[in-house]
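This report looks at charged side chains: how they pair, and where they gather at the surface. The sequence and the model come first.

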Amino acid sequence: MTGLTSQEQGAVLRHPQPEILALTGLRGLAALGVVASQVGVWRTAPPSLHHLVAAGSLGVPFFFLLSGFVLFYNYPTLSPGRSLGRYAVARIARLGPLFVVIGAGVLVLSKLNGGEWARSVFGPQSWYVGTTLVLYAVYPALTRIVAADPARAAVCALVVQLVVLALRLGTGSDDWLYRNPLVWIPDLVLGMVLAGAATNGFRLSRRTAYFVQVAVVVYAVAVVLLFGSSSAVRYSVLWSVPLGLLILSVLTRTRVSAVLAGPVLVRLGVLGYAMFLLKTVVIQGFGPVHAGSLPNALLAVGWIGFTVLIAEGAHRYIGAPGRQWLLRLVRRTAVRA
């Protein structure tokens, strides 16, 4: 079974820690939420359901938080030279091949559908990949800071998030902040702090883990129903602490973590990146996604399933082979040099 540290998925540094399949499954659920938020629900659905489904896009900030956890869990230190170089190559190989191939396909289709179509179906994905690359780039500089004083790093990250939230609420339009990759560095730092605690043996008790999981679900539903699904509510400090606690809770062996570690959700977690890149392209291929009636809206479930199917093929035949090919190419080049 592949997980967060799987060699099959392109990991090239030694990992002293075991795989955490429950987190892979949690990433799979987050990816499904992002796809569902893109599909939406039928027009006559209650407003509360519209908001809850739209809030599935919370998977995006969760991915940044989880990236910090995964990186620090696997690469707590990166020394200049070979270790840092291998890290950089592994990160580029993680994102590059699938993004380049799908992006090239979108550019070809844009000749038929226009440049605006290309921006609408692949603009958010391009932003996400660019932001992730920025986070990957700053991560090595953050490792010593977080390792030296994780409590101070966490407090600083939360303070920055509060400032960003105040700016978003004060300006009334937060797109310019949301699109700034630097805004997401606090999420990366908080994920790193959580990974440091987990590596040092911190675990919630089973009772506490269950309580946290129920509390996070109730909190999420309450916030979305009370304030709607506007981006100022979805992408802020309101979510970093609950999502961080959720990550810690699934590290404890419970029935929930066992379900998340099951083969279906773990596979969805492995396919999460491909699903994110392909979601809008696939859905746009079917035309408008907000059906006018409930029976027609059930077709949206088929669209989600089709997105997963296409993502499986893209990962299996493009993403994973492309990553392995790029890693082998770099190794051969390094040996010849």
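Is Glu-312 buried or exposed? Glu-312 is buried, because its relative accessible area is 15% and the limit for that class is under 20%. The model is a predicted one, and the sections below place Glu-312 among the salt bridges before turning to a positive patch.

## The network around Glu-312

Arg-267 and Glu-312 meet through their side chains in a salt bridge, with an N to O distance of 3.0 Å. This pair links distant parts of the chain, 45 residues apart: Arg-267 belongs to helix H13 (residues 263-270), and Glu-312 to helix H16. Salt bridges with shared partners bring Arg-316 in as well, so that Arg-267, Glu-312 and Arg-316 make one network.

The two ends of the H13 to H16 pair fall into separate accessibility classes. Arg-267 has 24% relative accessibility and therefore counts as partly exposed, while Glu-312, at 15%, is buried.

## Salt bridges at exposed positions

In total, the structure holds 4 salt bridges. One of them joins Glu-116 to Arg-119, whose closest N and O atoms are 2.8 Å apart. Both residues sit in helix H5 (residues 115-148) with a spacing of 3 residues, about one turn of the helix. Glu-116 is exposed, because its relative accessible area is 54%, and Arg-119 is also classed as exposed, at 54% relative accessibility; the class requires over 50%.

Another salt bridge connects the side chains of Asp-149 and Arg-152, at 3.6 Å from N to O. Asp-149 is partly exposed, with 30% relative accessible area. Its partner Arg-152 reaches 58% and is therefore exposed.

## The positive patch

Which residues form the positive surface patch? The patch consists of Arg-86, Arg-328, Arg-331 and Arg-332. Helix H16, which spans residues 299-336, gives the most to the patch, with 3 residues. Helix H16 is also the helix that holds Glu-312 of the salt bridge with Arg-267.

Where is Arg-86 found? Arg-86 lies in helix H4 (residues 82-113). With a relative accessible area of 34%, Arg-86 is partly exposed. Patch members need over 30% relative accessible area and no salt bridge, so the 34% of Arg-86 meets the area limit.

Terms used
Residues numbered from 1 in each chain as written. Predicted model: local features only at pLDDT ≥ 70, side-chain atom pairs only at ≥ 80, totals over all residues. Heavy atoms only, no water. Patch = residues over 30% accessible without salt bridge, like charges linked within 9 Å, V, L, I, M, F, W, Y side chains within 5 Å. Areas by Shrake-Rupley, 256 points an atom, 1.4 Å probe, with all protein chains shown as cover. Lys, Arg positive; Asp, Glu negative; His and termini not counted. Charge placed at Lys NZ, Arg CZ, Asp CG, Glu CD. Helix = DSSP H or I, 4+ residues; strand = E, 2+ residues; numbered from the N terminus. Buried < 20%, exposed > 50% of the residue type's maximum accessible area, 1.4 Å probe, protein only.
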